[in-house]
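Reader: Could you walk me through this structure, one question at a time?

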Amino acid sequence: MTISVKKVSLQRTTRDQIFLPAILEGLLTTARHFFKNTFTPGHGDVETIRYGEPGVDVKDYYPERFRGVHRLMHREDGSVRCVACMCCSTVCPARCIYIEAEDRRDDAEKAPRSFVIDELKCVVCGFCVEACPCDAIRMDTREHWIPTETRAEAVLGKVELMSRGEQSVAVQGGLGASYREQAPKADPRFTHDPR
Amino acid sequence: MSNHDSRSTSSTIPPTPGTLPPPSVAPAPRVGMDPRPHAPEGWAPPVAPNRPAEPTEGQETVTLTIDGKEVTVAKGTNVLEASGLLGEEVCHFCYHQGLSIAASCRQCLVEIEKMGKLQPSCQVPVAEGMVVHTSSPTVLKARREMLEFTLKNHPIDCPICDKAGECTLQRHYMAHDHQLTRVDVPKIRKPKHKDIGREIVLDAERCILCSRCVRFCEEIPGTAELTMSWRGDHEQIDIADGHRLDNAYSINTVDICPVGALTAKDFRFAIRAWELHATPTTCNGCATGCAVELHTKHEQAYRVVPRFDPAVNGHWMCDEGRYTYKELDPQARVHRAEVDGATVPLADAIATVATRLTKARKLAVVFSSSATNEANDALRELAEVLATSVKGREGITATRYVLGHPRGEGDAILRDADKNPNTNGAHDAAAGSAGDVDKHEAELALELAGRAYDAVLFLDDSGELSEVALAGLANITSVCLASRRTPLSSACSIVLPAASWAEILGTYTNRQGLLRVVQPAWRPEHDRKHRADLLRDLMLAMGLRNVATAKERTRLLADEHEHAELQALVTDPKAMRPTLLRWANMRG
Amino acid sequence: MTQVTSILSSLAESLRRHAGVLRSASVLTLAVLLGVLSTACGEPPTATEDPVAVRTEPGELVFHPDTRPVAVSLVNISEKPVVIGRVRVDESTPDWVGFAVGDDAKPGRLAPGERMTFHVGVDSGYFLGSGDVRPVVEAEGEQLVADDEYREGKARLAFTVDGQDHGGMPIRFEDPSWVGQYLGPALVKILLLVMGFIMPLASLLTWMERKQSAMMQDRLGPNMAALKIGGANLRLWGIPHFIADGVKMLFKEDFIPRKAHRALYSAAPLFAFIPALVVFAIVPFGDALCYDRMLEPLSAADVAQCADGRGGTPLQIAQIDVGLLYYFAVASLATYGTALAGWSSYNKWAILGALRASAQMISYEVAIGLTIVGALLVYGTLEPHALVKAQESSYWGIALQPLAFVLFFTAAMAETKRAPFDLPEGESEIIGYFIEYSGMRFGLFFLGEFIEVIFMSAMLATLFLGGWGLPFGMLGPAGFSSPLMAQLFLFGAGAGLTVMGVAAWRTGKAGELFGATVALVGIIHLFIGVWSLFTGWGTEIPHILVVGLGMIIWGGKVFLLCGVQLLIRWTLPRFRYDQLMSLGWKGLLPLSIANIVLTAILVYLLMPGANPAS
Ligand code: SF4
Ligand code: SF4
Ligand code: SF4
Ligand code: SF4
Ligand code: FES
């Protein structure tokens, strides 16, 4: 592939070349906004939500898909839903998720031994939620990360993350709550699993 | 790393404790025996039964057309191999260059003109004038439908599957299928996480029944522990009743399994494949010197996998060799020089060693059969330097030994009973101009116990010496160039921090006399240095000039052996950069 | 139409809501008006009677030792012609010997409104002390005068009007000390200008910039900082933010990069800040202040005499003949501030910013210098005070030099290094020469930039907008040029202020008090306007009022120009560096040269006296 330069010649009228008329037009536009917003009660076109004014609750204005502090979801038995697949830590642009995997020694096989998110490093992009194949991590807490006095307080471990969590019934593949559970358990005739 | 979970302080996942191989057999008496390893009589590398497509000189050739391009290949090869010459091979599961052909997966179907049906390209030998289409609409459709079929009962466990990231099924799905499932009936359940051997866990649901593992066990170790049981939907891989997959090469099945049906216990859940960096290097496990890749992340090694080398190991390696990475345990590393138990700057330690060695009356130098040729060569040079008289000092001839790991089990496939990678090189260096080593390792222990020397220099930390011998080291000038803490290095009064085999560029001479290359997976941290460079520092401290660096010694060796690959590595250090497995797509 | 009705109805609504405020406001207004009217009516304009029918200009003549002969006028302010007798120094006054009336003072007839001008000189040697104690024949007693000192002296210029002896003109000779003449007034003026105007305005600009940009961009801007006085929580549209900023800057960590050149790093902000302040020395912010007769209406000659330093002081810190050259000399020093800041920070972005700044400032200084040459040709002076006076007597610079105005404005914005010329700062890419600065050191750069903005506005006002004056010479040293002008001004300003006040009032909250005050001031203006309609008031205003009005007008112009600069800064996007350079060298420079050539030709052709051939 070669890089080529495409030259686009600008069609400039004399008016364009003088600049001043266009500049004046621009100034007029901004000045119009200035006067309208300054002298209209309620500040004219200003749409800013007055967070911090008495009587304004921030959470009333949160959009539905607001991303807040992370949480880890639970399985039916209350254990962590995460399977330590590392998708989130891999996709995380801030590299702020640290996971160590362990063998659960049950049918779910794999779980995080430790799951740590450094909320100070997090850029709240939500990629981790997008990447998670298991609906294990969510950011729907509607909680802003609140500044802490020490950095260590902003580093959330598995327990803190799970304390915000609740049971999730989402199913991989999206075919309903329990299509794998409806399936006949492995026929004992076909298996001789020493465990 | 304070960023970690408060309940766990280590930053990386320690490898799941796998079951180590059974303790090796007691060392055979060595005195009077030829210490150099030799390949068994009539041994040949276990290379591919399927001939590579590229014709070698003097071979009969066949010319055929694949996707409109003419290609000339060796006669007797198959269409799949031939397609590889034109770029990517036809997508496949069950075919493996190193195994016999089963043609069971039907993923490699191609259209061949004048043949009525689609043909499995792995099974069709090339013929003169053949016209093959590998991506006609029919072929693409067949490929896609075969994939869908394969995936019908596949559990899609990717989040907990150790193969994810290097899975052939994943890759083919992304490349050729890429559609939502149309299955709306319950999937067939089969045993998951079934413990089928010392090293291996089986997940029968993930198996795609390619039979590679079965063929491997039959053809390479010849033990045939695996078999297909049941039929139809319920067909699954299993071990024959009363058997376990316990052969000495069993982890190869994990490598060749295109999916995550067979997983190694040692690597299970340790890390995701895509986080690893791969460094091509040589196995340290025995005198065979298999070509391997060392997989690492953040200066920690996670596994060793075989690398194709037709001259030595073909596609395989033994299970024992895979555990050599445990030697690189970060907890046991020696980072700084120690003199009489106190940590000192490296330069000071070197100066101390230089004074004490030159003052010694009775001196022994111990070459190491697990150290590189460069290090052994440097030690030879040092011994010669010490032997020369200079003004103010009389030369002292050191007694030369070769020490290494004790002998173990060997077989006629790959494993050698000599568990050292460089016995040949060490002996070559130790023999020097004199023609042979002065004494053998069995004598060393005796002599150390008897306090025969007032100074000993060990080139490496490996080697088993008796307790009495080790106790004898405490009161004399005993120097060890150690990369980790072993009984030997802990017993020595002076420890110099040496870089491990994962941190250096170096060479071994294997039992076939071939030069084997180890490459750095990461840079040596702290004061650790290549052994040859440590010895060079020592010689410089003794007042010598113009001592060769480790790199210069490697360059000399490369030139001597006309080893083009090594020459390239020495001149271009960038060629040694580990590659991130994330971009390697698949293994198996 | 609907908008008007809605505004009216909301006006009515707020009137209803604020009936209390309104009532007290109107009572207050009435009280003030009654007061003004009663004082004014108590002293009805008297018919001019002899011999007051002739007015002397100036009212009192003041001489210093090095004063050249001074032009003095007699003006017939009555409705009939008068005959002036011989003009002489009254021999009965103690020091009549020291003064002399020039030959150009000839007795004669003066038509109504006509003026007769002649010169009066001083022989300062007469007042030089002889080393003796010399009795002074005056009630004040004796004066000790050393050999090389001047003593004070008094005399009177006497003449007859229609044969009657006129009160004449007092003459005074004095040799004020250096402190009294220069240092004292200068210090007072510096304090007045810097503490009373520049610093408050610069601080206010830091807030204004954010608030104005917010309003232009449909945002709210700073509005949270509040003054808690007693129980009241005064938010004042966020104005207290600049106090918060100041406190923040003072208490922030003062960071010096490890590899920085410490001495230069510390000195650089001063290099940037001090020239910006020092250059204000030449800016005239009013005409002149006469110490003695502040409450009387003064004539132009009086004020001119004060402007010359005799009996008063010019409202300008330093009246330098080469004022504009001084400006160039000092303003270019600011380049050192930026260049040193960039260099001494040991930071590649800083040095980039510094290089950009230096190149930009040098390039645009050329254009600035050349644009001013046009004004120089037209008005024939480099002294800013004289420039303003010249504009007062002819037309404003913007009318005579429109191109120069645009060019100067553009180059001035580039000199202040603000958008669209903020490449040295380049917030989005290099942060610029002050990237390593924090705390008050950064604050100095920041404040210095705003002071430059104010200075450029002041320069624009001085060079092109008639300084402290109103257009068409509406406001002269004595007062408005005619009752009509006074009424125009009063009605205009009154209407404007009232509208603004009402608008501000309608925004509610803190706006109500502020708006009501402004509207009240506006209404007072309107009332005075009405009063002027009936009495013809406005041509003779107490001196102090004229001076105050001039300073307010000057301040208003500077403030508005600052506002315009902010408006531009928040409207236009930043140039690319090559565009900046090509605008400077290929746009402004040729245009300013063309402006000089054109002006020279026009001056040569049109201006009397400029063409030696005519
Ligand atoms: S929101 Fe983004 S930055 Fe934060 S943890 Fe998730 S992936 Fe990482
Ligand atoms: S992506 Fe989901 S399942 Fe995977 S490690 Fe992250 S939270 Fe756990
Ligand atoms: S074998 Fe491959 S496709 Fe199947 S679960 Fe494992 S990674 Fe996923
Ligand atoms: S376990 Fe793996 S290698 Fe063996 S048949 Fe199944 S998919 Fe093939
Ligand atoms: S690869 Fe050819 S049939 Fe499996």
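The questions below cover a ligand site and a chain interface.

Author: Happy to help: this is a predicted model, in which local features need pLDDT of at least 70, side-chain atom pairs count only at pLDDT 80 or more, and totals for chains, interfaces and linings use all residues. Residues are numbered from 1 along each chain, chains are lettered from A and ligands numbered from 1 as written, and side-chain values use heavy atoms without hydrogens or water.

Reader: How many residues surround ligand 4?

Author: A residue is counted if one of its heavy atoms lies within 4 Å. The closest are Cys207(B), Cys210(B), Ser211(B), Cys213(B) and Cys257(B). The full shell around ligand 4 holds 13 residues.

Reader: How many residues of that shell around ligand 4 are nonpolar?

Author: Ala, Val, Leu, Ile, Met, Phe, Trp, Tyr, Cys and Pro count as nonpolar, Asp, Glu, Lys and Arg as charged, and the others, Gly among them, as polar. One polar and one charged residue are in the shell, and the nonpolar ones number 11.

Reader: What area is buried between chain C and chain A?

Author: Contact (heavy atoms within 4.5 Å) joins 19 residues of chain C to 22 residues of chain A. Buried area is the accessible area (1.4 Å probe) lost on putting two parts together, summed over both. Carbon and sulfur atoms give 72% of a total of about 1,700 Å².

Reader: Which residues in chain C lose the most area to chain A?

Author: Together they make up 33% of what that side buries. They are Met215(C), Asp218(C) and Leu220(C).
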